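Please look over the sequence and the fold before reading on, and keep both in view while the text moves from one helix to its surroundings.

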Amino acid sequence: MAFAILATGSKHKCKKSNMGSLKIKEAHINRDENYEGIAKHADPKLKDLNQNLIGDGDIYSAVKREIDPIKYRPNQTGNNEPVVSYDLLLTASPEYFYEVDQDKNCTYKKREDYDKRLKDWTEKTKAYLEKEHYCVAASLHLDETTPHIHATAVPFQKNAEGIYDKTMT
């Protein structure tokens with residue numbers, strides 16, 4: 001049986017970012033070779049299969065564009081760098097995409113079936129992100145065993161006056 005998976009961070013805590021940590025996140029998601037924290041389980045030969053679904057891969061600029069410092073009024077907590085984004089990791093269990101044997105080896109059922117499932121899953125996941133989260137960046141990764149999407153959303157929404165209201169802590 002296949003499952004949809006939505007991870008929001010380690011130990012069920014949403015991974016949150018401030019402006020200072022966005023470049024590190026961006027380097028990891030974009031598979032920057034100069035970044036030491038690049039996913040070791042990613043196949044560098046498949047990097048070109050990865051694609052941006054929302055935005056152009058410049059996560060820092062996308063968040064900065066949305067979090068206008070003049071209109072954004074953070075809570076007065078003494079924190080100089082407020083949370084400006086949160087991460088989502090979306091995937092499905094390997095059984096959705098592949099035939100998985102008892103030794104956990106994955107093979108295509110049929111290449112056409114895989115392509116159709118990937119396309120359907122990607123479109124539905126992107127629609128979910130656009131509807132349910134203020135998503136400013138999303139990247140589909142196909143350079144690992146199971147396809148997955150890294151998404152970045154801002155925890156704010158503009159109110160009628162164009163001022164950001166905090167929607168998440």
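The paragraphs below follow a helix, the residue after it, a strand residue and a pocket.

This is a predicted model, in which local features need pLDDT of at least 70 and side-chain atom pairs count only at pLDDT 80 or more, while totals for chains, interfaces and linings use all residues. Residues are numbered from 1 along each chain as its sequence is written, and side-chain values use heavy atoms, with hydrogens and water left out.

Helix H1 spans residues 22-29, and its buried residues are Leu22, Lys25, Glu26, Ala27 and Ile29. Buried here means under 20% relative accessible area, with exposed over 50% and partly exposed in between, for a 1.4 Å probe and protein chains only; helices (H or I, at least four residues) and strands (E, at least two) are DSSP runs, numbered from the N terminus. The cover over these buried residues includes strands S2 (16-17), S4 (85-92), S7 (135-141) and S8 (148-153), together with helix H2 (59-66).

Two packed helices are described by the angle between their axes and the distance between the axes. For H1 and H2 the angle is about 135° and the axes lie 8 Å apart, and the two helices are therefore oblique to each other. Leu22, Lys23, Glu26 and Ile29 of H1 meet Ile59, Tyr60 and Val63 of H2, where contact means heavy atoms within 4.5 Å. The residues of this contact divide into five nonpolar, no polar and two charged.

After H1 comes arginine 31, which sits in the loop between H1 and strand S3 (51-54). Its phi is near 60°, a positive value in a residue other than glycine, and arginine 31 is buried, with a relative accessible area of 2%.

Strand S4, one of the elements covering H1, contains leucine 88, which counts as buried at 3% relative accessibility. Leaving aside neighbours within four places in sequence, leucine 88 is in contact with Leu6, Ala7, Thr8, Leu129, His133, Ile149, His150 and Ala151. Leucine 88 and lysine 16 are 72 residues apart in sequence, and their C-alpha atoms are 9.8 Å apart in space.

Turning to empty space, the second largest pocket holds about 200 Å³. Its lining has 13 residues, of which Leu49, Tyr108, Arg111, Tyr114 and Leu142 lie nearest the centre. A pocket is an open set of points on a 1 Å grid over the protein atoms alone where a 1.4 Å probe fits, with protein on both sides within 12 Å along at least five of seven lines, and lining residues have an atom within 4 Å of a point. Helix H4 (residues 111-132) supplies the largest share of this lining, four residues.

Terms used
Grid points are joined across faces, edges and corners, and a volume is the space filled by probe spheres set on the points. Axes are lines fitted to C-alpha atoms, for helices over the stretch in contact, and angles run from 0 to 180 degrees between N-to-C directions. Angles under 35 degrees count as roughly parallel, over 145 as roughly antiparallel, 65 to 115 as roughly perpendicular and the rest as oblique. Ala, Val, Leu, Ile, Met, Phe, Trp, Tyr, Cys and Pro count as nonpolar, Asp, Glu, Lys and Arg as charged, and the others, Gly among them, as polar.
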